[in-house]
Amino acid sequence: MLPKAFDPSAIESRLYAEAEAAGVFGADPARDRPPFTVVIPPPNVTGSLHIGHALNNTLQDVLVRFRRMQGSDALWMPGTDHAGIATQMVVERLLAQTQQPGRREMGREKFLERVWQWKAESGGTITRQLRRLGASLDWPRERFTMDEGLSRAVLEVFVRLHEEGLIYRDTRLVNWDPVFQTAISDLEVESREVKGTLWTLRYPVEGGGHIEVATTRPETMLADTAVAVHPEDERFAALVGRHVILPLVGRRISIVADAYSDPEKGTGAVKITPAHDFNDYEVGRRHELAMPSVLDESARITLAEIEDPSPFLRTLEGMDRFEARKLIIAELEAQGLLVQAEPHAHQVPHGDRSGVPIEPRLTLQWYCDAATLAKPAIEAVETGRTRFVPRQYENLFFAWMRDIQPWCISRQLWWGHRIPAWYGPDGTVFVKRSEAEALEAAQAHYGEPVELRRDEDVLDTWFSSALWPFSTLGWPEDTAELRKHYPTDVLVTGFDIIFFWVARMMMMGLHFMKEVPFRDVVIHGLVRDAKGQKMSKSKGNVMDPLDLIDQHGADAVRFTLCALASPGRDIKLDPQRLEGYRAFATKLWNAARFLEMNGVQPDPAFNPATVQTPLARWLLGKSSAAIAAATESLDRFRFDDYAAALYGFTWNSYCDWFIEFAKPVLNGPDGPEKDEVRGAAQHVLGVILRLLHPVMPFVTAELWEQLGYGKAVSLTTADWPRAVLTDAEGEGIDLAIAAIGAIRSARAALNVPAGATLALRVSGPMSAAQNLAAFTPQIMRLARVEAPQFVADAAEGAGPGASAAAGDLSLFLPLTGVVDLAAERSRLGRDRTKAEGERDKLAKKLGNPGFRAKAEESVVAETEERLAEAEAELLRLDAALSRIAS
């Protein structure tokens, strides 16, 4: 007997451990089944499960479990990313907190030993948490981007690309984090609004006069090499080609004409500092300007590239950039070169982990020729070999890929894949698979043995994760897994890493495997709070999925995320939805328990095709429709439609209507009708458990075993259900349900006392009336009405009452002595006036362009939602008023 209450905490860990131990999540290349392959977006080894992970992995798991039940050899590849800078930061902080020697004091070898020790002790947090979520990953295949096999793949790719001229060294501007003293990717940079100052400075023009420039970063002026004005700006036309004398430095720099300068912005003239600004760098390249640097790796002032610095400049040597800024402004003011300083709020890029402003810095780095690698990837999406779902994200992919820049792949870190490059005494570079190969190549080059120095840098984390779809399958070895499971089928990811990860996997997969890495890229939105605001610790609106699982169970969390996952749209996660879907799991449990108590149990001999009882046929027909809807929705990656179809069928058709209509039969005498209703009940409950299993694996597996359908672990590989009765005639039942629903709505709208039993008059076509009459007992009991009176005109001569409709039938509920209809009409009218006022106020607000321009996106969305609610309330009130017949 099922326990009275459903308790997720009592079953989830036990069921998952049983399934993992039984190996039912595993793929087998030797298995004669079609492959279905998904690779997990590898979470950082430093990470813990957040709500975005919960959404992403729930959607993947739904697809994998669905295809596994359809008979595929489903491989969901697990693994984690070494997360270069993030992991190095965690370990360095840990060393500082425990007062141990720092990274540089320890030395590279000892520090890396400490990182590997930390990874062994603490690096599995998120994989344990994915198990709590119910993710059916093939855990014995778990990979790590720095394990031996993947490291070999990274080495092979780097060497081959270098041999092909697609990896090279170059001096270019990069995002530089002065805390970690390394180049970082755009993804590791976050823009923050800073309340700063805009200083207007006077630069003396050679030969007389001056030109004014505005800047938020006066400390970089020491590296200025030009002043730019717009070619069509008549104010400065006579100055183009002349020179200014750079204040404080005394360097003679050019005035150039360049469209980068905006005549409408600031003074119309801009200082150009190619080594410290990305836009200025491009201007510098166009005009072949010098590119001196005045900030070192720690963002401190360096005068190494300034000729004969003045005594004032010498006082700045080694000073922090922001301290130097104060002294520079003071000196400019003392020299009469500061025109004005005004408050200025502007966006400043910060390192997402160090939390300090990043510096554009000119350094020698390793680059990958992304433009060449991008061409086949662009063509693959253009021809449909890889599809984006929704299709709109293809435009984002194309926009990035068609304007792609060289990819900086080197990082000045210790944790990561060390670049396989060695340098000879004269700086000659030898890129080889091992030091022995490099020494051999160097001896051939120099004609004698020489000492080599290995490159200190490591590779960008995205370089190794770009190989993930094929490196995890054993490449460069020709493995059975690689032959069967590449290309993969679906990648589920967020839009924010289309360029950083999706595009790079496309480039590497096509280059090395000559095939796209995945057929479909399913893009989901962000998970926001109930008001549509982005979750952040500062706002205090972060939802921890582990806390949600503790409160509501993993099934409810998974179902909520699935139900809200509309294509390409962000999710508003309202705690009430979680409570509602926890109630859904409880509803299913209670229905199963009721049926169990009424003798419903699995019957392998039951044949749905032979059923004759109308109620049983109706249920089987609804079941077939639900199977079709669920299957089509998952085939189209419409997770929200899948959840909606199963919620509506399970809660309404099965747990409510079928069970209520079946109660008289189950309580009645034994016979063929009772046998068929019981048979249909157990058959369709088995269907429901299989249909829901991909999204609610725990409650379904527990019911599967407790009710006798099979061992809990067997549900993971049970056959996906197929429609068995698509031509069932259920008009009478559907009509009765419509009538009961219409009567209940009328009662609720007009405040009919719950205990009042009403008369019911019905008119309409004879065939429909006969269908309805067949379910008189159910209508009387569930709508709380007397036996229906079938008349020529339902309302004629019946006095005041409420009218409703069900199909072709007109329904009338006489209400004399039950409800004061005049008072109800007045109440509804007042409510309508109030709702109309609210609707008009919100519509006017949204119609104001100023509101839409200034308000936060979440506020606009909330207002639109309130308008929709007001309009829905108006419709409800109009419908209620229309029901009142005098």
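Here are some notes on how the strands pair up in this predicted model.

1. Start with strand S5, residues 167–177, and strand S14, residues 359–368. The two run antiparallel and are joined by 10 bridges. If you want a spot to look at in the viewer, try arginine 172, which sits opposite threonine 363 of S14.

2. S5 also has dealings with strand S6, which covers residues 182–184. Here the count is three bridges, and the direction is again antiparallel. One pair to pick out is tryptophan 176 with its bridge partner in S6, alanine 183.

3. What lies between S5 and S6? The two strands make a hairpin with four residues between them. Glutamine 181 in this hairpin has a positive phi, near 55 degrees, in case you are checking backbone torsions.

4. Next, the open sheet. It has three strands, ordered S8-S7-S13, with antiparallel pairing. Strand S8 (210–215) and strand S13 (338–351) are the edge strands; each has a single partner strand, so one side of each has no neighbour in the sheet. From one strand to the next, the twist averages 20 degrees.

5. Within that sheet, how many bridges link S7 and S8? Strand S7, residues 189–204, pairs with S8 over six bridges, in the antiparallel sense. A handy residue for finding this pairing is tryptophan 199, which stands opposite threonine 215 in S8.

6. A general reminder for when you look at side chains: in a regular strand they alternate between the two faces of the sheet. The pairing itself goes through backbone hydrogen bonds, whether parallel or antiparallel.

Note on methods:
Residues numbered from 1 in each chain as written. Predicted model: local features only at pLDDT ≥ 70, side-chain atom pairs only at ≥ 80, totals over all residues. Heavy atoms only, no water. Pairing = 2+ DSSP bridges. Axes fitted to C-alpha atoms, helices over the stretch in contact; angles between N-to-C directions.
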